[in-house]
Amino acid sequence: MANSKYEYVKSFEVEDEIMLPNIIVVRVDGRDFRRFSEVHEFQKPNDKKALDLMNECAKVILEHFPDVIFSYGYSDEYSFILKKETKFYQRRASKIHSLIVSLFTSVYVTKWKTLFPQKDLKYAPSFRSRIICCASAEILQAYLLWRQYDCHLNNQYDTCFWELINSGKTEKVVEELLKGSLKQDKNELLYQCFNINYKNDIPEIFRLGTCTLKTEVVDIVKYKDDGCPVKRLRKKVIMVHSENIASMRFWRKQLSFSKELGQFTADIYKTRHEYVKSFLHESKLLPYTWIIIRIDGCHFHRFTEVHEFEKPNDAEALNLMNSCAAAVLEEFKDIVFAYGVSDEYSFAVKKDSQLYQRHASKIVSAVVSFFSSMYTMRWNDFFPHKEMKYPTYFDGRAVCYPSREILIDYLAWRQVDCHINNQYNTCFWMLVKSGKSKSDAQNYLKGTQALEKSDLLDQLSRMDNYYSRLPPMFCLGSSVYWDTEMKMLEDEQGGAGKSRKIVVVKHCNIIESSFWEAHPEILDHKCNNGFTTPSVV
């Protein structure tokens with residue numbers, strides 16, 4: 001990070017490390033997936049392809065993150081269990097759950113066409129995530145029992161509900177008919193009215209959910225000169241549908257579980273969900289404070305190289321980020337301002353917001369997931385001739401700032417950082433393109449000050465004031481906010497002006513007070529109007 005007088009704002013960040021010996025579970029849930037399933041016409045009560053898509057996303061998570069060793073999912077939710085002794089991202093809760101939900105979302109969008117080749121995504125799907133801290137293997141066992149029992153209850157109810165709907169009954173009549181009914185009542189209803197044996201006729205994937213786990217398999221990697229095979233053990237992700245994933249029998253069959261998570265000492269058959277929910281790692285953000293949701297690209301250096309971004313700045317890549325940020329402001333009306341540079345964006349949530357009751361994990365994950373979804377969906381709009389070779393993902397965190405002045409200092413800190421990093425990167429890549437090696441360029445720039453870098457750029461470019469001639473987006477970053485646009489409408493008197501709110505993306509100096517004086521409504525008033533295509537200046 002760049003050194004500046006605004007560095008003090010980092011002191012407001014709060015550590016959220018999950019302490020040992022807690023077992024970390026990341027639960028991902030679809031955000032308003034009932035509407036999403038209706039808009040995309042999923043089959044009721046279960047859409048096999050939709051579940052296969054969720055399972056494919058879970059498989060990628062286990063393949064990508066070695067410390068995630070097991071997951072269980074059904075409908076629009078998935079729970080990912082990390083090994084007990086994990087040091088994954090220093091066990092920081094916000095980092096872990098935001099990374100997982102971001103990659104899960106990006107894969108969901110990426111693989112959509114594979115599972116639904118005849119259906120277009122009509123809008124961006126997104127998810128929320130949270131952390132459950134299981135203090136022991138017994139609590140993890142109770143959690144898994146609860147989730148699979150929930151799968152059974154929900155699927156049994158939904159199967160009855162949609163069979164009755166399809167028979168001609170109205171939703172209101174069906175709801176009254178099923179109110180208070182027991183499991184046995186529903187089984188009898190399905191059998192007597194529809195000749196459905198719930199256990200035998202309903203596929204396991206619907207009744208039991210899906211376990212995604214890692215197992216060891218033997219691969220032949222090559223053959224010796226004498227024809228003998230050279231074999232190696234490797235981890236392979238498989239999917240199973242098991243009757244009772246919280247049983248000792250199931251646990252013992254997975255050889256790595258006892259070692260990585262601990263042993264189940266007895267079978268359990270009942271649990272109270274209130275007891276399990278008490279282990280939810282949830283923190284409410286301080287009331288009446290400004291909330292910054294900051295997202296950063298993960299391993300973006302490699303992503304930019306693989307996708308051959310222009311160095312030091314790729315205008316289309318930055319415009320893609322800006323487009324996603326504008327969409328976030330449209331989606332979450334409590335976000336009043338955003339500032340972005342390179343692969344990061346900071347979103348300011350108004351201080352009196354009650355978004356998700358100010359639950360940190362819900363706000364962070366919803367924003368990160370939606371941003372990731374938009375990034376993947378809009379890739380082709382900005383790179384029509386460049387295929388996305390693998391899905392990217394972001395991490396997120398929430399920080400509270402008690403006053404408007406400190407919030408502005410935070411944004412100033414990010415813009416100072418933008419300038420310092422951009423000036424360095426511009427010098428670095430100009431030196432590399434002039435023939436120096438990357439290590440030589442780094443050594444050449446070591447210890448240089450801003451004025452020296454500016455002079456170097458003038459010399460290399462043979463142009464006075466070269467840095468000041470660069471596009472403002474590179475030097476100042478991008479500010480995204482609601483602004484007022486005047487639109488002239490014809491009337492009988494010859495014309496009338498009408499204002500409307502639009503989201504704009506501008507590249508301006510937000511360190512100077514003049515910007516905030518010119519736009520007092522950004523931090524002082526609410527913006528509740530509609531969204532139109534962002535205006536870029």
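Modeller: Contact here means heavy atoms within 4.5 Å. Keep in mind that we're looking at a predicted model.

Colleague: Fine. Which residues does S478 touch, once those up to four places away in sequence are set aside?

Modeller: By that cut-off S478 touches N322, A338, Y339, G340, Y345, M473, V505, K506 and H507. S478 itself sits in strand 12, residues 478-489.

Colleague: Why is S478 called buried?

Modeller: Buried takes a relative accessible area under 20%. S478 has 2%, so it is buried.

Colleague: And what makes the side chain of S478 a polar partner of the side chain of N322?

Modeller: The pair has to be N or O atoms within 3.5 Å, one able to donate a hydrogen and the other to accept it. The side chains of S478 and N322 meet at 3.0 Å and make a polar contact. Another polar contact links the side chain of S478 to that of H507, at 3.2 Å.

Colleague: How many disulfides does a search of the whole structure find?

Modeller: Zero.

Colleague: How do you know that C193 isn't bonded to the closest cysteine sulfur?

Modeller: A disulfide needs two cysteine sulfurs within 2.5 Å. The closest one to the sulfur of C193 belongs to C160, 9.0 Å off, so that is too far for a bond. C324 is in no disulfide either: its nearest cysteine sulfur, in C298, is 15 Å away.

Colleague: Are C193 and C324 buried or exposed?

Modeller: Exposed means over 50%, and C193 has 53% relative accessibility, so it counts as exposed. C324 has 0%, which means it counts as buried.

Colleague: Let's do helices. Why does the span of helix 4 agree with what you'd expect?

Modeller: You take 1.5 Å times one less than the number of residues. Helix 4 runs over residues 137-166, 30 residues, so it should span 44 Å; the end C-alpha atoms are 43 Å apart, which agrees. Helix 4 is followed by G168, with a positive phi near 115°.

Colleague: What does the side chain of T426 reach?

Modeller: The backbone oxygen of N422, at 2.6 Å. T426 is in helix 16, residues 404-433.

Colleague: Why four places back?

Modeller: An α-helix has 3.6 residues a turn, so residues three or four places apart point the same way.

Colleague: What makes T426 buried?

Modeller: Its relative accessible area is 5%, and the limit is under 20%, so T426 is buried. Beyond four places in sequence, T426 touches P312, L457, Y466, Y467 and L470.

Colleague: P312, eh? Which residue does a cis peptide bond join to P312?

Modeller: K311, with omega about 5°. P312 is in the loop between helix 12 (300-306) and helix 13 (315-331). There's also a cis peptide bond between L20 and P21, with omega about 10°.

Colleague: On to the inside. Which residues have the most contacts within the largest nonpolar core?

Modeller: I293, F332, Y345, F347, F371, Y375 and V480, in a core of 45 residues. Helix 14, residues 360-377, gives the most to this core, with 10 residues. Another core, of 41 residues, lies apart from it and includes Y78, F80, I96 and W112.

Colleague: What does F332 touch, leaving aside neighbours within four places in sequence?

Modeller: R31, L355, Y356, A366, V367 and F370.

Colleague: What's notable about the phi of Y356?

Modeller: Phi is positive, about 50°, although Y356 is not a glycine. Y356 lies in the loop between strand 10 (344-349) and helix 14. With 17% against a limit of under 20%, Y356 is therefore buried.

Colleague: And why is R91 called buried?

Modeller: R91 has 2% relative accessible area, so it passes. Phi of R91 is near 60°, also a positive value in a residue other than glycine.

Colleague: Last one: what is the mean pLDDT of the chain?

Modeller: It's 92, and 94% of the residues reach 70 or more. Over residues 526-537, though, the pLDDT is below 50; that stretch has 28 contacts in the model beyond near neighbours in sequence.

Technical notes. Residues are numbered from 1 along each chain as its sequence is written. This is a predicted model: local features need pLDDT of at least 70, side-chain atom pairs count only at pLDDT 80 or more; totals for chains, interfaces and linings use all residues. Side-chain values use heavy atoms; hydrogens and water are left out. Helices (H or I, at least four residues) and strands (E, at least two) are DSSP runs, numbered from the N terminus. Buried means under 20% relative accessible area, exposed over 50%, partly exposed in between (1.4 Å probe, protein chains only). pLDDT is the predictor's confidence in each residue, from 0 to 100. A nonpolar core is a set of buried Ala, Val, Leu, Ile, Met, Phe, Trp, Tyr and Cys residues joined through side-chain atoms within 4.5 Å.
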